[in-house]
Structures are given as structure tokens and as C-alpha cells.
Amino acid sequence: MEPFSLPRCLLAAGVPAGTVMEYSHVLEDEGFDNWRAFETLTEADLRDLGFRRGHARQVDRYLRGDASVATPATPATFAAPATPATFA
């Protein structure tokens, strides 16, 4: 088992890489520096700690076991539906 890593957990939750270290420092400063403490966080806690609303929701869903949270969107996800074939 790998040692606990806040950045790795935040990335797994889908938090953008550019904000991971900022959030990691906040969490460490507040004592959420191990899995036992980290898993107790709620969306409200994260908001109180300065997380952006969407990022707080992503982490909350990750902690609650929502597997879809870390599924990255791909360009194909947003593709327009195929045009139905026309028959003469």
C-alpha cells in the first residue's frame, strides 16, 4: 500500500493539477494530513477551508465513493449526435 499523499488524493478526485498544491498546503495546515482525517471532510468543511465550490463537490463525491467523479471528460463526450440517415 502506498503512503498517504494529499496531492495524489486530490488529483484522483479530479481537482485540477494547478490547484492541487495550494489545497494540499491548506489541508496540511489544518491537520488533514492523513487518510483518517482526510476521509472525514465534508463539502462544507472544504468550502470553509477555501476550496472552490466545484472542487469541494468533486472531493466530497470522491470521498463518498462516487466512481464517476474522476472520469475525465473527453472531446468525444461533447460530440454532436450523429445525423440520422435519410431513406428515400
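**Exercise 1. Determine in which helix Asp-60 is found, and whether Asp-60 counts as buried or exposed.**

Solution. Step 1: Asp-60 is found in helix H5, where helices (H or I, at least four residues) and strands (E, at least two) are DSSP runs numbered from the N terminus. The structure is a predicted model, in which local features need pLDDT of at least 70, side-chain atom pairs count only at pLDDT 80 or more, and totals for chains, interfaces and linings use all residues. Residues are numbered from 1 along each chain as its sequence is written, and side-chain values use heavy atoms, with hydrogens and water left out.

Step 2: Asp-60 has 16% relative accessibility and therefore counts as buried; buried means under 20% relative accessible area, exposed over 50%, and partly exposed in between (1.4 Å probe, protein chains only).

Step 3: Not counting residues up to four places away in sequence, Asp-60 touches Leu-41, Thr-42, Glu-43 and Leu-46, a contact being heavy atoms within 4.5 Å.

**Exercise 2. Establish how the buried residues of H2 are arranged about its axis.**

Solution. Step 1: At 1.5 Å a residue, the 13 residues of H2 should span 18 Å, and the end C-alpha atoms of H2 are 19 Å apart, which agrees. The expected span is 1.5 Å times one less than the number of residues.

Step 2: Thr-19, Val-20, Tyr-23, Ser-24 and Leu-27 are the buried residues of H2. Seen down the axis, they fall within an arc of 145°, so they line one face of the helix; the arc is that of the directions from the helix axis to the C-beta atoms.

Step 3: The buried residues of H2 pack against H1, H3, helix H4 (43-48) and H5, whereas Gly-18 and Asp-29 are exposed on the other side of H2.

Step 4: Just after H2, Gly-31 takes a positive phi of about 90°.

**Exercise 3. Identify which elements give two or more residues to the largest nonpolar core.**

Solution. Step 1: The largest nonpolar core has 18 residues, and Leu-10, Leu-27 and Phe-38 are among those with the most contacts inside it. Such a core is a set of buried Ala, Val, Leu, Ile, Met, Phe, Trp, Tyr and Cys residues joined through side-chain atoms within 4.5 Å.

Step 2: The elements that give two or more residues to this core are helix H1 (6-12), helix H2 (17-29), helix H3 (35-38) and helix H5 (53-63).

Step 3: Leaving aside neighbours within four places in sequence, the contacts of Phe-38 include Phe-4, Leu-27, Val-59 and Tyr-62.
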